[in-house]
Each structure stands twice: as C-alpha cells, then as structure tokens.
Amino acid sequence: MPQTALVTGGAGGIGEAVCRRLAADGYYIHIGYSSSKERAEALADEIGGKTVKLDVTSPADIAAAAEICGAVDVLVNNAGVSEIGLFDSLPDDKSRRIMEVNLVGAMSCARTFVKPMIARKSGCIVNISSMWGQVGASCEVDYSASKAGLIGFTKALAKEVAPSGIRVNCVSPGFIMTEMNSRFSQEDLDLIREDIPLGVFGEPRHVADAVAFLVSKQAEYITGQILAVNGGMVI
C-alpha cells in the first residue's frame, strides 16, 4: 500500500506542485479543494489521486474529509488567502477570513488528522507559511500575522507530538510566481526582483521540493523547523 497525503488548497499553484511532486514520489494524493472543483478533478485524473471537498473553515468539511481520507501519512496545510491594503482600511470580515483560512483552518485540519497519527505513532505535517510571517509586510499586516501564527503553531505542535513519532515542519516561501501574485504590475515585479539576491522569482516546484524533502526519510531527524524558500530575501 502506498503512503497517503492530503494537501489542502491542492488545486492552486503551490498546492498543485506539491500534489504532483508527492505523487511522483509514490504517495497516493487526496487533493483538498474549496471552490476549484474542475481543476482539482483534472489534476486527480492526471496523477491518479482523489479530490476532497475541503473548505478548511468548515468543521463539517473537515470531518467529512477525515472519513474519506482515513488515516493519512502526510498532511500539507497549504490552503491560504491574502489581501493587500492598509491595515486600518481592511474590513473586519476580510481580516477574520484571512485568520480563519490561513491559521485556524490549518490548526483545525491538524487537530483532526493528527489523532490517527498519534495512535499509530507516525506521520508528518507540513505547514506552508510565508517569508512575511518571518519579517512582516506593510499592506499585508493581517496576512503576515496569520503566517507568523502558523510558524508558532508549527514549533509548539512539533514539541507536543514528537514523543509520538510525528514530525511537524514549516515551509516559508518567498515571492513565488503563482496566480496570487499575478496582480502585480511589471514595474512592481522588477522592483521585487531587485530585492532577491538570487535575482529570479521562485516557482511552485521549489516549494514542492522542500515539502518532499521534509516528509522524506532524509529528514527523519528534523522537526519544528522553518525551511525558507525565498532566493535569499530573508537572510
């Protein structure tokens, strides 16, 4: 039997890359999606996985996903949303949405799927944070706070479940060329590139490679760590 993985937000740019990479490594993939059903189904057909309706802010969806997926070997908390704007202008409902998806949703999924991992004393959880969770970004204050919370959550949960043989780590991407970043103008992109020591933008596959390493045997002595994938933007 192949090992199994659940990737939340699995139909998006980074999520899709993670699904493809773990599938290539031999995992059976459960592709969690909230609204991108057709895209998730096309990916499932291509990699031989299964789609799972999973709005991470919905307790009912999480419970149903647990029934469908069973005890997974790997959970990748990738689902996320962002908003750009001044902190004092962001409506409360959008602020709550960011926190509920990026932080509370990840914690809720982990709370559900870690239980069978504890029972069998094995498993891996990887949370996808952001470099802005490490250093903060003006005009993305709520997003930065949610991603910083995800880093703290990673470290605390890693300590708690380590005696049960479970590893919890975090990947912290820098500027990755995904649909989420397509809103930037060419002028903005040129300015951002100047701040990247390696001089190029990251690609979803770079994040997927980091996830694949953290769930592999090569990382069996690594837990509670934040693996930065940012081209040197945070040094």
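Me: Is aspartate 73 buried or exposed?
Reply: In this predicted model, aspartate 73 is buried, with a relative accessible area of 18%. The cut-off for buried is under 20%.

Me: And what does its side chain meet in a salt bridge?
Reply: Aspartate 73 meets the side chain of arginine 120, at 3.4 Å from N to O. The two come from parts of the chain that are 47 residues apart in sequence, so the salt bridge ties those parts together. Aspartate 73 lies in the loop between α3 (59-69) and β4 (74-77), and arginine 120 lies in helix α4 (residues 92-120).

Me: What about arginine 120, buried or partly exposed?
Reply: Arginine 120 is partly exposed, with a relative accessible area of 30%.

Me: How many salt bridges does the structure hold?
Reply: The structure holds 9 salt bridges. One of them joins lysine 53 to aspartate 61, with the closest N and O atoms 3.1 Å apart. Lysine 53 is partly exposed at 39% relative accessible area, whereas aspartate 61 is buried at 16%.

Me: Which residue forms a salt bridge with aspartate 25?
Reply: That residue is arginine 21, and the closest N and O atoms of the pair are 3.2 Å apart. Aspartate 25 is partly exposed, at 39% relative accessibility. Arginine 21 is also partly exposed, with a relative accessible area of 29%.

Me: Which residues are linked in a network of salt bridges?
Reply: The network links Glu16, Arg20, Arg39 and Glu46.

Me: Now lysine 147. Where is it?
Reply: Lysine 147 is in helix α6, which covers residues 141-161.

Me: Which side chain of opposite charge is nearest to lysine 147, and how far away is it?
Reply: The nearest is glutamate 140, at 9.8 Å. A salt bridge requires the nitrogen and oxygen atoms to be within 4 Å, so this pair does not form one. Lysine 147 is nevertheless buried, and it has no salt bridge.

Me: Then what does the side chain of lysine 147 reach at 2.9 Å?
Reply: The side chain of lysine 147 reaches the backbone oxygen of isoleucine 128 at that distance. Leaving aside neighbours within four places in sequence, lysine 147 is in contact with Asn102, Ile128, Ser129, Ser130 and Gly133.

Me: Isoleucine 128 is in β5, I think. How many residues of that strand are buried?
Reply: In β5, 6 of the 6 residues are buried, so the strand is largely enclosed by the rest of the structure. Isoleucine 128 is among them, on one side of the strand with Cys124 and Val126. Gly123, Ile125 and Asn127 are on the other side, and they are buried too.

Me: Why are the residues listed as two sets?
Reply: In a regular strand the side chains alternate between the two faces of the sheet.

Me: Which strand pairs with β5 over 4 bridges?
Reply: β4 pairs with β5 over 4 bridges, in the parallel sense. Leucine 75 lies in β4, and the bridge partner of leucine 75 in β5 is isoleucine 125.

Me: What is leucine 75 in contact with?
Reply: Not counting neighbours within four places in sequence, the contacts of leucine 75 include Leu6, Thr8, Phe113, Met117 and Ile125. Leucine 75 is buried, with a relative accessible area of 0%.

Me: Different strands now. In which sense do β1 and β2 run?
Reply: β1 and β2 run parallel and are joined by 4 bridges. Threonine 4 stands opposite tyrosine 28, which is in β2. β2 is mostly covered, as 5 of its 6 residues are buried.

Me: How many residues does the largest nonpolar core have?
Reply: The largest nonpolar core has 30 residues, and those with the most contacts inside it are Val18, Leu22, Ile29, Val76 and Val171. Several elements each supply at least two residues of this core, including β1 (4-7), β2 (28-33) and β5 (123-128). The largest share comes from α8, with 6 residues.

Me: Which residues does valine 18 touch?
Reply: Apart from residues up to four places away in sequence, valine 18 touches Val7, Val76, Ala208 and Val211.

Me: And how many residues are in the second, separate core?
Reply: The second, separate core has 26 residues, among them Leu103, Ala110, Ala158 and Val161.

Technical notes: Residues numbered from 1 in each chain as written. Predicted model: local features only at pLDDT ≥ 70, side-chain atom pairs only at ≥ 80, totals over all residues. Heavy atoms only, no water. Buried < 20%, exposed > 50% of the residue type's maximum accessible area, 1.4 Å probe, protein only. Lys, Arg positive; Asp, Glu negative; His and termini not counted. Polar contact = N/O pair within 3.5 Å; in protein donor to acceptor, adjacent residues only side chain to side chain. Contact = heavy atoms within 4.5 Å. Core = buried A, V, L, I, M, F, W, Y, C linked by side-chain atoms within 4.5 Å. Pairing = 2+ DSSP bridges.
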